[in-house]
Each structure stands twice: as C-alpha cells, then as structure tokens.
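Colleague: Got a minute to go through this model with me? I'd like to ask about a few spots in it.

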Amino acid sequence: MKLGVIPNDTIQALNPIACVLLGPIIQQLLYPGLQKYGVAFGSISRMTWSFITISSSMAYAAGLQKLIYTRGPCYESPRNCPDSDGGKIPNNISVWVQTPSYFLLAFAEILGFTTLSEYSYSEAPKDMRSLVQALRQVTAAIGSALGMALSPVAVDPKVMYLYTGLAATMIAAAPVFWAAFGSYDKSDDEDDLNQVGLMQPNTHNEMEETAARAHP
C-alpha cells in the first residue's frame with residue numbers, strides 16, 4: 001500500500017488516536033442520548049455491540065484486502081514480484097483506506113473492553129476484585145496466544161481468509177453472548193430503579209393502609 005510521505009508507524013497510531021477522539025463522544029453524547037430517548041443500553045448490550053462492531057471491522061478489512069489484491073503491480077503478492085523493483089513498489093492503493101477499520105476497532109474497544117473492566121470490577125465481591133481483574137487479564141493472554149497460533153495464516157494471500165474468519169466468528173458470538181448474559185442487563189436496570197425509588201410495587205398498598213389507619 002502506498003504510504004506517500006507518511007511514516008509506516010503513523011498508521012499504527014490511528015487506533016489510540018481514534019480511542020481518544022471517540023471516548024468523549026461516546027461518553028458525553030451517545031450514552032446520554034440513548035438514555036434520553038429511553039433506549040436501554042446496559043453493560044451487556046454494549047459488550048454485545050462490541051462483538052458486532054469488531055465483526056464489521058474485520059469484514060471491512062477482508063474486503064479491503066480483496067481490493068488490494070486487485071491492484072497492481074503484484075496483485076496477490078504485494079511487494080513480491082519482479083515488477084515491485086525488489087519490494088520497493090507497493091500495490092497501487094493508499095494506506096489511508098485502512099482508517100475506518102481502526103476507528104471501528106476503537107469504537108468496539110470502548111464499548112467492550114472498557115465496559116468489561118468496569119462491570120467486572122463493580123459486580124465482583126470487594127474481597128475478590130483483584131482476582132477477577134487478574135482472570136480478565138488471563139483471558140487477554142489466551143487471546144494473544146490464539147493470535148500467535150494464527151500467525152502462520154497472516155500472510156498473503158491467506159490473510160484475507162483470516163479476516164473473514166474473524167468477522168464470521170465475532171458476528172456468530174454476538175447472539176450467543178446476548179442469549180447467555182442478556183438477562184443481567186434487565187436485572188441491573190431493576191436494581192438501579194429500586195435504588196432511586198422508581199420501582200415500588202407495594203407503594204400503593206402501603207398508602208391505602210396508611211389512609212385506613214388515619215381514617216378508621
């Protein structure tokens with residue numbers, strides 16, 4: 001892919017930049033806006049949508065990789081053909097077309113990983129919070145190990161199938177995750193309503209009993 005005058009490391013910085021830009025927008029606009037219009041978007045919903053967003057990012061990456069393979073001079077073997085002048089000439093496509101994928105991943109990280117950290121900490125017993133956070137890091141380590149196991153596939157032209165497989169896996173995991181844990185959102189909402197006094201099922205009966213005692 002053509003870098004132009006942009007250093008290669010700059011592209012890797014798009015993800016943290018996107019996190020910094022999207023974080024305040026999500027916290028200050030998206031969540032309050034959904035709450036204002038009565039749209040339930042609890043912790044489990046956010047994590048479910050993070051699966052969907054990651055799937056979208058991987059699907060975009062797979063489509064982009066297919067597009068790269070349609071461009072010369074090396075097509076399915078970027079920088080690995082006689083026309084690349086010893087690997088100096090990339091396929092004729094700008095590196096900036098990757099930007100949406102990084103922003104989608106950043107959006108998913110905020111919805112999923114940030115929410116997971118908050119949820120696992122707040123829901124864990126006080127004397128087990130450190131253990132729960134440690135277990136969360138173990139799952140991250142398992143994910144890294146899986147990434148290393150899949151590294152032999154991350155080569156041209158197989159990398160397109162890697163992205164496709166990841167997209168399919170994440171979109172398939174979303175409904176499974178929601179089916180398994182979606183009920184926790186409802187119970188959390190009920191707990192919150194009870195705490196602020198908005199759900200008082202016996203309030204009407206209590207008022208009637210009080211009135212009856214006051215006027216025998």
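Colleague: Over residues 134–155, how far apart are the end C-alpha atoms?

Modeller: Keep in mind that this is a predicted model. Residues 134–155 are one of the stretches listed as "transmembrane region" in an unreviewed UniProt entry. In the model the chain there is 73% helix and 0% strand. From end to end, the C-alpha atoms of that stretch are 33 Å apart.

Colleague: And what about residues 161–181, how much of the chain is helix there?

Modeller: That stretch is also listed under "transmembrane region" in the unreviewed UniProt entry. Its end C-alpha atoms are 30 Å apart, and strand takes up 0%. The helix share over residues 161–181 is 100%.

Colleague: What pattern does the whole protein follow along the sequence?

Modeller: There are 7 helices and 0 strands. Reading along the sequence, you get α-α-α-α-α-α-α.

Colleague: What percentage of contacts between residues at least 6 apart in sequence join residues at least 24 apart?

Modeller: For background, 27% of the 216 residues are buried, and the protein exposes about 13,900 Å², with carbon and sulfur atoms supplying 64% of that. Count the contacts between residues at least 6 apart in sequence, and the share joining residues at least 24 apart comes to 71%.

Colleague: Let's zoom in on helix 2: how far apart are its end C-alpha atoms, set against what its 23 residues should span?

Modeller: Helix 2 covers residues 14–36, and at 1.5 Å a residue it should span 33 Å. The model agrees with that expectation, as the end C-alpha atoms are 31 Å apart.

Colleague: On which residue is the kink in helix 2 centred?

Modeller: The kink is about 45°. The buried residues of helix 2 include Leu22, Gly23 and Tyr31, and the kink's central residue is among them too. Just after the helix, Gly38 takes a positive phi of about 75°. As for the kink, its centre is Ile26.

Colleague: Is Gln65 buried or exposed?

Modeller: Gln65 lies in helix 3, which runs over residues 43–68. Setting aside neighbours within four places in sequence, Gln65 is in contact with Asp156, Val159, Met160 and Tyr163. Its relative accessible area is 12%, and the cut-off for buried is under 20%, so Gln65 counts as buried.

Colleague: Tyr60 is in helix 3 as well; how far is Tyr60 from Tyr163 in space?

Modeller: Tyr60 is partly exposed, with a relative accessible area of 30%. Leaving out neighbours within four places in sequence, Tyr60 is in contact with Val97, Pro100 and Ser101. Tyr60 and Tyr163 are 103 residues apart in sequence, yet C-alpha to C-alpha the gap is 8.6 Å.

Colleague: Which handedness does the disulfide of Cys74 and Cys81 have?

Modeller: A search of the whole structure finds 1 disulfide, and the sulfur atoms of Cys74 and Cys81 sit 1.9 Å apart in it. Cys74 is buried at 7% relative accessible area, and Cys81 is buried at 19%. The torsion about the S-S bond is about -70°, so the disulfide is left-handed.

Colleague: And how does Cys19 count at its relative accessibility?

Modeller: Buried would need a value under 20%. Cys19 comes in at 22% relative accessibility, so Cys19 counts as partly exposed.

Technical notes. Residues are numbered from 1 along each chain as its sequence is written. This is a predicted model: local features need pLDDT of at least 70, side-chain atom pairs count only at pLDDT 80 or more; totals for chains, interfaces and linings use all residues. Side-chain values use heavy atoms; hydrogens and water are left out. Helices (H or I, at least four residues) and strands (E, at least two) are DSSP runs, numbered from the N terminus. Buried means under 20% relative accessible area, exposed over 50%, partly exposed in between (1.4 Å probe, protein chains only). Contact means heavy atoms within 4.5 Å. Accessible areas come from the Shrake-Rupley method with a 1.4 Å probe; for residues, only the protein chains shown count as cover. The expected span of a helix is 1.5 Å times one less than its number of residues. The bend at a residue is the angle between axes fitted to the seven residues ending there and the seven starting there. UniProt positions are given in the numbering used here, feature names are shortened, and annotations may be inferred rather than shown by experiment. A disulfide is a pair of cysteine sulfur atoms within 2.5 Å.
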